Amino acid sequence: MHKAAITGHGVFTPSQIITNDELVAAFNAHADRWNAANADAIAAGEVEAKAHSSTDFITAASGIEQRHVLDKTGILDPDVMHPWLRERSDDEPGQMAEMALDACRAALDMAGVDPSDVDCVLCAASNHERAYPAIAVEIQELLGTGGFGFDMNVACSSATFGIQAATDMIRAGSISRALVVNPEICSAHLEWRDRDCHFIFGDVATAVLIERADLAKGPHFLIRSTRCATQFSNNIRNNNGFLRRTRKGHMEDRRDMQFMQNGRKVFKEVLPLVSKHIADHMEADGVEASDLKRLWLHQANKTMNDYIGKKVLGREPAPGEQPNILQDYANTSSAGSIIAFSKYSEDLGPGDLGLICSFGAGYSVGSVILERRG
Ligand code: COA
(Lines give C-alpha, C1' and ligand atoms only; values in the text may rest on other atoms or scores of the structure.)
Protein backbone atom coordinates (compact mmCIF):
# COMPACT_ATOMS: atom_id res chain seq x y z
CA MET A 1 0.00 0.00 0.00
CA HIS A 2 1.24 3.52 -0.83
CA LYS A 3 1.63 6.31 1.67
CA ALA A 4 0.08 9.76 1.18
CA ALA A 5 1.34 13.19 2.23
CA ILE A 6 0.16 16.79 2.24
CA THR A 7 2.81 18.56 0.17
CA GLY A 8 1.14 21.92 -0.37
CA HIS A 9 -1.62 24.08 1.06
CA GLY A 10 -3.19 27.46 0.41
CA VAL A 11 -5.82 29.91 1.64
CA PHE A 12 -7.82 32.44 -0.37
CA THR A 13 -8.99 35.22 1.97
CA PRO A 14 -11.62 37.66 0.61
CA SER A 15 -10.42 41.26 0.99
CA GLN A 16 -13.62 42.64 2.56
CA ILE A 17 -13.83 42.55 6.36
CA ILE A 18 -16.81 43.12 8.65
CA THR A 19 -15.91 43.95 12.26
CA ASN A 20 -18.27 43.06 15.11
CA ASP A 21 -19.04 46.77 15.60
CA GLU A 22 -20.05 47.21 11.93
CA LEU A 23 -22.12 44.03 12.05
CA VAL A 24 -23.96 44.99 15.24
CA ALA A 25 -24.66 48.53 13.97
CA ALA A 26 -26.26 47.10 10.81
CA PHE A 27 -28.26 44.49 12.76
CA ASN A 28 -29.52 47.01 15.29
CA ALA A 29 -30.59 49.42 12.51
CA HIS A 30 -32.43 46.52 10.86
CA ALA A 31 -34.09 45.58 14.19
CA ASP A 32 -35.22 49.19 14.80
CA ARG A 33 -36.72 49.43 11.32
CA TRP A 34 -38.40 46.05 11.65
CA ASN A 35 -39.84 46.98 15.08
CA ALA A 36 -41.15 50.29 13.72
CA ALA A 37 -42.75 48.53 10.73
CA ASN A 38 -44.36 45.96 13.02
CA ALA A 39 -45.20 48.30 15.91
CA ASP A 40 -48.93 47.48 15.93
CA ALA A 41 -48.40 43.70 15.92
CA ILE A 42 -45.77 44.04 18.65
CA ALA A 43 -48.12 46.21 20.75
CA ALA A 44 -50.91 43.64 20.26
CA GLY A 45 -48.56 40.85 21.44
CA GLU A 46 -48.78 39.07 18.07
CA VAL A 47 -45.04 39.16 17.36
CA GLU A 48 -42.01 39.75 19.53
CA ALA A 49 -39.91 42.86 19.05
CA LYS A 50 -36.39 42.21 17.79
CA ALA A 51 -33.80 42.81 20.53
CA HIS A 52 -30.48 44.52 19.84
CA SER A 53 -27.34 42.51 19.27
CA SER A 54 -24.11 43.36 21.10
CA THR A 55 -20.41 43.27 20.30
CA ASP A 56 -19.58 42.27 23.85
CA PHE A 57 -21.89 39.24 23.66
CA ILE A 58 -20.46 38.10 20.34
CA THR A 59 -16.85 38.34 21.49
CA ALA A 60 -17.54 36.68 24.85
CA ALA A 61 -19.81 33.90 23.52
CA SER A 62 -17.78 32.97 20.44
CA GLY A 63 -14.32 34.58 20.42
CA ILE A 64 -15.09 36.02 16.96
CA GLU A 65 -13.87 39.59 16.33
CA GLN A 66 -14.37 39.99 12.59
CA ARG A 67 -15.10 38.00 9.42
CA HIS A 68 -14.01 38.15 5.77
CA VAL A 69 -16.85 38.14 3.23
CA LEU A 70 -17.24 38.29 -0.55
CA ASP A 71 -19.65 41.25 -0.30
CA LYS A 72 -20.20 43.43 2.73
CA THR A 73 -22.39 46.11 1.13
CA GLY A 74 -25.50 43.93 0.99
CA ILE A 75 -24.89 42.34 4.39
CA LEU A 76 -24.51 45.72 6.10
CA ASP A 77 -27.49 47.37 4.37
CA PRO A 78 -30.28 47.16 6.99
CA ASP A 79 -32.83 46.81 4.19
CA VAL A 80 -30.98 43.94 2.49
CA MET A 81 -29.01 41.91 5.07
CA HIS A 82 -27.48 39.39 2.68
CA PRO A 83 -24.50 39.49 0.31
CA TRP A 84 -25.04 40.81 -3.21
CA LEU A 85 -23.36 38.17 -5.32
CA ARG A 86 -23.67 39.00 -9.00
CA GLU A 87 -25.41 36.29 -10.99
CA ARG A 88 -22.95 34.94 -13.54
CA SER A 89 -23.55 33.71 -17.06
CA ASP A 90 -22.87 30.06 -17.87
CA ASP A 91 -19.77 31.16 -19.79
CA GLU A 92 -18.11 32.76 -16.73
CA PRO A 93 -16.30 30.92 -13.94
CA GLY A 94 -18.68 30.25 -11.06
CA GLN A 95 -18.16 32.03 -7.75
CA MET A 96 -16.95 28.90 -5.93
CA ALA A 97 -14.61 27.77 -8.71
CA GLU A 98 -13.12 31.24 -8.94
CA MET A 99 -12.30 31.52 -5.23
CA ALA A 100 -11.00 27.93 -5.22
CA LEU A 101 -8.38 28.73 -7.87
CA ASP A 102 -6.20 30.98 -5.70
CA ALA A 103 -6.06 28.43 -2.88
CA CYS A 104 -5.33 25.56 -5.31
CA ARG A 105 -2.57 27.48 -7.10
CA ALA A 106 -0.90 28.33 -3.76
CA ALA A 107 -0.96 24.62 -2.81
CA LEU A 108 0.47 23.57 -6.20
CA ASP A 109 3.20 26.25 -6.05
CA MET A 110 4.26 25.18 -2.57
CA ALA A 111 4.61 21.56 -3.72
CA GLY A 112 6.23 22.46 -7.06
CA VAL A 113 3.59 20.46 -8.93
CA ASP A 114 2.19 21.25 -12.37
CA PRO A 115 -1.65 21.19 -12.51
CA SER A 116 -1.50 18.63 -15.35
CA ASP A 117 0.06 16.13 -12.91
CA VAL A 118 -2.99 16.21 -10.58
CA ASP A 119 -5.32 13.21 -11.06
CA CYS A 120 -8.29 14.29 -8.97
CA VAL A 121 -9.98 17.48 -7.74
CA LEU A 122 -12.28 17.03 -4.83
CA CYS A 123 -14.46 20.05 -4.04
CA ALA A 124 -15.51 19.44 -0.44
CA ALA A 125 -17.73 22.15 1.05
CA SER A 126 -20.88 22.85 3.03
CA ASN A 127 -22.85 24.62 0.34
CA HIS A 128 -22.50 24.15 -3.39
CA GLU A 129 -23.80 26.91 -5.62
CA ARG A 130 -25.35 24.37 -8.01
CA ALA A 131 -25.97 20.65 -8.15
CA TYR A 132 -24.26 19.95 -11.48
CA PRO A 133 -21.97 20.03 -13.33
CA ALA A 134 -19.82 19.44 -10.27
CA ILE A 135 -17.87 22.51 -9.11
CA ALA A 136 -14.80 20.23 -8.95
CA VAL A 137 -15.03 19.55 -12.69
CA GLU A 138 -15.15 23.29 -13.39
CA ILE A 139 -12.07 23.79 -11.16
CA GLN A 140 -10.37 20.93 -13.03
CA GLU A 141 -11.05 22.76 -16.32
CA LEU A 142 -9.91 26.18 -15.06
CA LEU A 143 -6.70 24.81 -13.51
CA GLY A 144 -5.90 22.35 -16.31
CA THR A 145 -5.67 19.28 -14.09
CA GLY A 146 -6.08 15.75 -15.46
CA GLY A 147 -8.15 12.80 -14.30
CA PHE A 148 -11.49 13.55 -12.73
CA GLY A 149 -13.28 15.67 -10.14
CA PHE A 150 -16.29 15.38 -7.89
CA ASP A 151 -18.08 17.34 -5.20
CA MET A 152 -18.81 16.19 -1.69
CA ASN A 153 -20.56 17.71 1.30
CA VAL A 154 -20.23 16.70 4.92
CA ALA A 155 -20.86 20.25 6.20
CA CYS A 156 -18.10 21.46 8.54
CA SER A 157 -16.27 18.13 8.21
CA SER A 158 -16.09 18.25 4.41
CA ALA A 159 -12.34 18.96 4.33
CA THR A 160 -11.24 16.13 6.64
CA PHE A 161 -13.62 13.66 4.98
CA GLY A 162 -12.22 14.83 1.62
CA ILE A 163 -8.67 14.28 2.87
CA GLN A 164 -9.60 10.74 3.91
CA ALA A 165 -11.21 10.02 0.50
CA ALA A 166 -8.16 11.34 -1.40
CA THR A 167 -5.71 9.57 0.91
CA ASP A 168 -7.50 6.25 0.47
CA MET A 169 -7.42 6.59 -3.34
CA ILE A 170 -3.68 7.28 -3.19
CA ARG A 171 -3.09 4.37 -0.81
CA ALA A 172 -5.00 2.03 -3.10
CA GLY A 173 -3.05 3.26 -6.13
CA SER A 174 -5.96 4.56 -8.24
CA ILE A 175 -4.49 8.10 -8.22
CA SER A 176 -1.14 9.70 -7.36
CA ARG A 177 -2.16 13.29 -6.61
CA ALA A 178 -5.35 15.02 -5.46
CA LEU A 179 -6.38 18.56 -4.69
CA VAL A 180 -8.92 18.77 -1.88
CA VAL A 181 -10.42 22.25 -2.06
CA ASN A 182 -12.95 23.92 0.25
CA PRO A 183 -14.56 27.08 -1.15
CA GLU A 184 -16.94 28.16 1.61
CA ILE A 185 -19.41 30.97 0.84
CA CYS A 186 -20.96 30.80 4.29
CA SER A 187 -22.27 34.39 4.07
CA ALA A 188 -24.92 33.28 1.56
CA HIS A 189 -26.45 30.60 3.80
CA LEU A 190 -26.41 32.66 6.98
CA GLU A 191 -29.55 34.51 8.15
CA TRP A 192 -28.01 37.88 8.94
CA ARG A 193 -31.39 39.07 10.38
CA ASP A 194 -31.28 36.49 13.19
CA ARG A 195 -29.56 37.86 16.32
CA ASP A 196 -28.74 34.37 17.64
CA CYS A 197 -26.49 33.50 14.73
CA HIS A 198 -25.81 36.61 12.61
CA PHE A 199 -22.21 36.81 13.83
CA ILE A 200 -21.19 33.21 13.22
CA PHE A 201 -19.85 32.82 9.67
CA GLY A 202 -17.36 34.19 7.15
CA ASP A 203 -16.16 33.33 3.62
CA VAL A 204 -12.86 31.73 2.58
CA ALA A 205 -11.38 28.99 0.39
CA THR A 206 -8.68 26.52 1.41
CA ALA A 207 -6.88 23.77 -0.49
CA VAL A 208 -4.45 20.96 0.26
CA LEU A 209 -2.46 19.02 -2.31
CA ILE A 210 -2.13 15.36 -1.36
CA GLU A 211 0.51 13.29 -3.15
CA ARG A 212 1.89 9.80 -2.97
CA ALA A 213 4.55 10.38 -0.30
CA ASP A 214 7.44 9.13 -2.45
CA LEU A 215 6.63 11.85 -5.03
CA ALA A 216 7.08 14.72 -2.54
CA LYS A 217 9.80 17.13 -3.67
CA GLY A 218 10.35 18.92 -0.36
CA PRO A 219 9.28 19.02 3.30
CA HIS A 220 5.78 17.62 3.71
CA PHE A 221 3.27 16.17 6.15
CA LEU A 222 2.93 12.40 6.01
CA ILE A 223 -0.73 11.39 6.56
CA ARG A 224 -0.29 8.72 9.23
CA SER A 225 -3.99 7.99 9.61
CA THR A 226 -7.48 9.42 9.18
CA ARG A 227 -10.75 8.75 10.97
CA CYS A 228 -14.31 9.84 10.10
CA ALA A 229 -17.56 9.41 12.02
CA THR A 230 -21.17 10.58 11.68
CA GLN A 231 -24.25 10.49 13.91
CA PHE A 232 -27.56 11.97 12.74
CA SER A 233 -28.78 15.16 14.41
CA ASN A 234 -31.19 17.96 13.44
CA ASN A 235 -29.44 20.48 15.67
CA ILE A 236 -27.58 22.08 12.77
CA ARG A 237 -29.69 22.09 9.65
CA ASN A 238 -30.41 23.90 6.37
CA ASN A 239 -33.55 23.01 4.42
CA ASN A 240 -32.69 24.82 1.22
CA GLY A 241 -32.76 22.64 -1.90
CA PHE A 242 -34.50 21.94 -5.17
CA LEU A 243 -37.67 20.63 -3.48
CA ARG A 244 -38.34 23.95 -1.79
CA ARG A 245 -40.65 25.61 -4.30
CA THR A 246 -43.97 27.35 -3.83
CA ARG A 247 -46.96 26.27 -5.92
CA LYS A 248 -46.21 29.16 -8.29
CA GLY A 249 -42.78 27.69 -8.91
CA HIS A 250 -40.85 30.44 -7.10
CA MET A 251 -38.22 29.70 -4.49
CA GLU A 252 -39.50 30.41 -1.02
CA ASP A 253 -37.84 32.67 1.54
CA ARG A 254 -38.39 30.54 4.61
CA ARG A 255 -36.26 30.90 7.73
CA ASP A 256 -35.38 27.19 7.75
CA MET A 257 -33.83 27.50 4.30
CA GLN A 258 -30.87 29.30 5.82
CA PHE A 259 -28.51 28.05 8.53
CA MET A 260 -30.37 26.92 11.67
CA GLN A 261 -28.82 25.63 14.85
CA ASN A 262 -29.55 24.87 18.45
CA GLY A 263 -26.19 26.20 19.61
CA ARG A 264 -26.45 25.11 23.23
CA LYS A 265 -27.35 21.51 22.31
CA VAL A 266 -24.56 21.42 19.72
CA PHE A 267 -22.15 22.55 22.38
CA LYS A 268 -23.29 19.90 24.84
CA GLU A 269 -23.51 16.98 22.43
CA VAL A 270 -20.59 17.60 20.11
CA LEU A 271 -17.90 18.19 22.75
CA PRO A 272 -17.94 14.64 24.22
CA LEU A 273 -18.31 13.17 20.71
CA VAL A 274 -15.21 15.00 19.49
CA SER A 275 -13.10 14.38 22.59
CA LYS A 276 -13.78 10.63 22.44
CA HIS A 277 -13.27 10.52 18.67
CA ILE A 278 -9.82 12.12 18.96
CA ALA A 279 -8.82 9.92 21.94
CA ASP A 280 -9.85 6.74 20.06
CA HIS A 281 -8.07 7.85 16.90
CA MET A 282 -4.85 8.63 18.77
CA GLU A 283 -4.96 5.32 20.60
CA ALA A 284 -5.48 3.38 17.35
CA ASP A 285 -2.47 5.17 15.82
CA GLY A 286 -0.30 4.68 18.94
CA VAL A 287 -0.04 8.44 19.52
CA GLU A 288 0.20 9.77 23.08
CA ALA A 289 -0.95 13.26 24.05
CA SER A 290 2.66 14.11 24.87
CA ASP A 291 3.65 13.22 21.26
CA LEU A 292 1.38 15.91 19.76
CA LYS A 293 3.05 19.19 18.86
CA ARG A 294 -0.04 20.85 17.43
CA LEU A 295 -3.83 20.70 17.26
CA TRP A 296 -5.59 22.33 14.32
CA LEU A 297 -9.22 22.32 15.39
CA HIS A 298 -12.48 23.27 13.70
CA GLN A 299 -13.01 27.00 14.17
CA ALA A 300 -16.53 27.60 15.47
CA ASN A 301 -16.15 28.70 19.05
CA LYS A 302 -13.19 29.57 21.28
CA THR A 303 -14.63 28.05 24.45
CA MET A 304 -15.30 24.82 22.56
CA ASN A 305 -11.72 24.69 21.28
CA ASP A 306 -10.27 25.50 24.72
CA TYR A 307 -12.27 22.59 26.15
CA ILE A 308 -11.25 20.10 23.45
CA GLY A 309 -7.58 21.15 23.58
CA LYS A 310 -7.49 20.64 27.34
CA LYS A 311 -9.26 17.30 27.10
CA VAL A 312 -6.96 15.97 24.36
CA LEU A 313 -3.69 17.15 25.90
CA GLY A 314 -4.72 16.53 29.52
CA ARG A 315 -3.63 20.08 30.41
CA GLU A 316 -4.05 23.69 29.25
CA PRO A 317 -2.59 23.97 25.73
CA ALA A 318 0.58 26.13 25.71
CA PRO A 319 0.47 29.27 23.54
CA GLY A 320 0.71 28.26 19.88
CA GLU A 321 -0.04 24.59 20.51
CA GLN A 322 -3.68 24.95 19.49
CA PRO A 323 -3.85 28.00 17.23
CA ASN A 324 -7.22 29.67 16.68
CA ILE A 325 -8.02 31.76 13.63
CA LEU A 326 -11.73 32.23 14.34
CA GLN A 327 -11.14 35.67 15.85
CA ASP A 328 -10.16 36.90 12.34
CA TYR A 329 -12.23 34.63 10.08
CA ALA A 330 -15.25 33.58 12.22
CA ASN A 331 -16.59 30.10 11.47
CA THR A 332 -15.70 29.21 7.88
CA SER A 333 -17.23 25.75 8.06
CA SER A 334 -14.98 23.01 6.62
CA ALA A 335 -12.16 25.45 5.84
CA GLY A 336 -11.52 26.53 9.45
CA SER A 337 -9.18 23.77 10.62
CA ILE A 338 -7.33 23.94 7.27
CA ILE A 339 -6.73 27.71 7.66
CA ALA A 340 -5.27 26.99 11.13
CA PHE A 341 -3.12 24.20 9.64
CA SER A 342 -2.00 26.33 6.70
CA LYS A 343 -1.03 29.32 8.83
CA TYR A 344 0.52 27.44 11.75
CA SER A 345 2.35 24.34 10.51
CA GLU A 346 5.48 25.23 8.59
CA ASP A 347 7.51 25.77 11.78
CA LEU A 348 7.17 22.08 12.79
CA GLY A 349 10.37 20.02 12.53
CA PRO A 350 11.01 16.51 11.19
CA GLY A 351 9.15 13.87 13.21
CA ASP A 352 6.76 16.37 14.83
CA LEU A 353 3.15 15.18 15.02
CA GLY A 354 -0.02 17.23 14.66
CA LEU A 355 -3.74 16.54 14.45
CA ILE A 356 -6.43 18.21 12.33
CA CYS A 357 -9.98 17.79 13.62
CA SER A 358 -13.23 19.14 12.21
CA PHE A 359 -16.75 18.73 13.56
CA GLY A 360 -20.22 20.03 12.80
CA ALA A 361 -23.52 19.30 11.13
CA GLY A 362 -24.48 15.70 10.61
CA TYR A 363 -23.18 15.40 13.30
CA SER A 364 -19.84 14.70 11.71
CA VAL A 365 -16.29 14.45 13.07
CA GLY A 366 -13.15 13.95 11.01
CA SER A 367 -9.54 13.74 12.18
CA VAL A 368 -6.19 13.46 10.43
CA ILE A 369 -2.88 12.65 12.17
CA LEU A 370 0.11 14.20 10.40
CA GLU A 371 3.86 13.71 10.77
CA ARG A 372 6.31 16.32 9.53
CA ARG A 373 8.92 14.90 7.17
CA GLY A 374 11.93 16.31 5.35
N1 COA B 1 -26.33 39.76 21.15
C2 COA B 1 -26.71 39.87 22.44
N3 COA B 1 -27.30 38.85 23.12
C4 COA B 1 -27.54 37.71 22.43
C5 COA B 1 -27.17 37.55 21.09
C6 COA B 1 -26.56 38.63 20.44
N7 COA B 1 -26.18 38.57 19.16
N8 COA B 1 -27.52 36.31 20.69
C9 COA B 1 -28.08 35.70 21.75
N10 COA B 1 -28.11 36.54 22.81
C11 COA B 1 -28.65 36.29 24.14
C12 COA B 1 -29.76 35.26 24.11
O13 COA B 1 -30.99 35.88 23.83
C14 COA B 1 -29.69 34.69 25.49
O15 COA B 1 -30.36 35.54 26.40
P16 COA B 1 -31.22 34.94 27.62
O17 COA B 1 -30.22 34.21 28.46
O18 COA B 1 -31.77 36.17 28.24
O19 COA B 1 -32.23 34.03 26.98
C20 COA B 1 -28.21 34.72 25.83
O21 COA B 1 -27.65 35.72 24.97
C22 COA B 1 -27.53 33.41 25.60
O23 COA B 1 -27.85 32.92 24.30
P24 COA B 1 -27.40 31.54 23.75
O25 COA B 1 -27.86 31.36 22.33
O26 COA B 1 -27.76 30.45 24.71
O27 COA B 1 -25.81 31.77 23.73
P28 COA B 1 -24.61 30.76 23.86
O29 COA B 1 -23.87 31.12 25.07
O30 COA B 1 -25.05 29.35 23.66
O31 COA B 1 -23.71 31.18 22.61
C32 COA B 1 -23.20 30.37 20.39
C33 COA B 1 -24.21 31.11 21.29
C34 COA B 1 -23.84 30.18 19.03
C35 COA B 1 -21.95 31.22 20.27
C36 COA B 1 -22.83 29.00 21.00
O37 COA B 1 -23.99 28.31 21.37
C38 COA B 1 -22.02 28.10 20.08
O39 COA B 1 -20.99 28.47 19.59
N40 COA B 1 -22.48 26.85 19.94
C41 COA B 1 -21.79 25.83 19.12
C42 COA B 1 -21.85 26.28 17.73
C43 COA B 1 -21.26 25.34 16.75
O44 COA B 1 -20.21 24.78 16.90
N45 COA B 1 -21.95 25.21 15.67
C46 COA B 1 -21.47 24.51 14.58
C47 COA B 1 -21.81 25.36 13.43
S48 COA B 1 -21.17 24.69 11.99
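A residue counts as near the ligand here if one of its heavy atoms lies within 4 Å of it. Keep that in mind for the first part. Also keep in mind that this is a predicted model.

I'll start with the ligand. On that cut-off, 19 residues surround the ligand. The closest are Ser-53, Arg-195, Gln-261, Arg-264 and Asn-301. By class, the shell splits into nine nonpolar, seven polar and three charged residues.

Which helices each supply at least two residues of that shell? They are α3, residues 55–62, and α8, residues 263–285. The most comes from α8, which gives four residues.

Now the polar contacts to the ligand. The side chain of Gln-261 has an N or O atom 2.8 Å from a nitrogen atom of the ligand. At Gly-263 the backbone is involved: one of its N or O atoms is 3.2 Å from a ligand nitrogen. Arg-264 places a polar side-chain atom 2.9 Å from an oxygen atom of the ligand. As for cover, the ligand on its own has 980 Å² of accessible area, and the protein covers 72% of that.

Next, the aromatic residues. How many aromatic pairs does a search of the whole structure find? There are six. One of them is Phe-57 with Phe-199, which is edge-to-face, with 6.1 Å from centre to centre and 80 degrees between the planes. Phe-57 is in helix α3, while Phe-199 is in the loop between β6, residues 177–185, and β7, residues 203–212, so this pair ties together parts that are 142 residues apart in sequence.

Are those two rings buried or exposed? Phe-57 is partly exposed, at 49% relative accessible area. Phe-199 has 6%, and the cut-off for buried is under 20%, so Phe-199 is buried.

A second pair is Phe-148 with Phe-150. Why is this pair called stacked? The planes are at 5 degrees, and planes under 30 degrees apart count as stacked, so the pair qualifies, with the ring centres 6.3 Å apart. Phe-148 is partly exposed at 34% relative accessibility, and Phe-150 is partly exposed at 31%.

Two more items on aromatic rings. Phe-221, Trp-296 and Phe-341 form one aromatic cluster. Separately, Lys-50 lies over the face of Trp-34, 5.4 Å from the ring centre.

Moving on to some charged residues, I'll take Arg-177 before the others. Arg-177 is in strand β6, and at 12% relative accessibility it counts as buried. What does its side chain reach? It makes a polar contact of 2.6 Å with the side chain of Glu-211. It also reaches the backbone oxygen of Asp-117, at 3.3 Å.

Arg-171 sits in helix α7, residues 158–172. Arg-171 is also buried, with a relative accessible area of 16%. From C-alpha to C-alpha, Arg-171 and Ile-236 are 33 Å apart, with their positions 65 residues apart in sequence.

Asp-196 belongs to the loop between β6 and β7. Asp-196 has 59% relative accessibility, and the cut-off for exposed is over 50%, so Asp-196 counts as exposed. Its C-alpha is 27 Å from that of Gln-322, and the two residues are 126 apart along the chain.

Last, the backbone. Most residues other than glycine have a negative phi, and most peptide bonds are trans. Here are some places in this model to check against that.

Where are the cis peptide bonds? One joins Tyr-132 and Pro-133, with omega at about -5 degrees. Pro-133 is in the loop between β4, residues 120–124, and α6, residues 135–143. Another joins Gly-362 and Tyr-363, with omega at about -10 degrees. Tyr-363 is in the loop between β12, residues 353–360, and β13, residues 364–373.

Then positive phi. Met-81 is not a glycine, yet its phi is about 65 degrees. Met-81 lies in the loop between α4, residues 72–76, and α5, residues 95–111, and is buried at 4% relative accessible area. Ser-333, also not a glycine, has a positive phi of about 55 degrees. Ser-333 is in the loop between α10, residues 326–329, and α11, residues 336–343. With a relative accessible area of 2%, Ser-333 is buried.

That's it from me.

Note on methods: Residues are numbered from 1 along each chain as its sequence is written. This is a predicted model: local features need pLDDT of at least 70, side-chain atom pairs count only at pLDDT 80 or more; totals for chains, interfaces and linings use all residues. Side-chain values use heavy atoms; hydrogens and water are left out. A polar contact is a pair of N or O atoms within 3.5 Å; within protein, one must be able to donate a hydrogen and the other to accept it, and residues adjacent in sequence count only if both atoms are side-chain atoms. Accessible areas come from the Shrake-Rupley method with a 1.4 Å probe; for residues, only the protein chains shown count as cover. Ala, Val, Leu, Ile, Met, Phe, Trp, Tyr, Cys and Pro count as nonpolar, Asp, Glu, Lys and Arg as charged, and the others, Gly among them, as polar. Rings of Phe, Tyr and Trp (its six-membered ring) pair if their centres lie within 6.5 Å; planes under 30 degrees apart count as stacked, over 60 as edge-to-face and the rest as tilted. Buried means under 20% relative accessible area, exposed over 50%, partly exposed in between (1.4 Å probe, protein chains only). A charge sits over a ring if NZ of Lys or CZ of Arg is within 6 Å of the ring centre and within 35 degrees of the ring normal.
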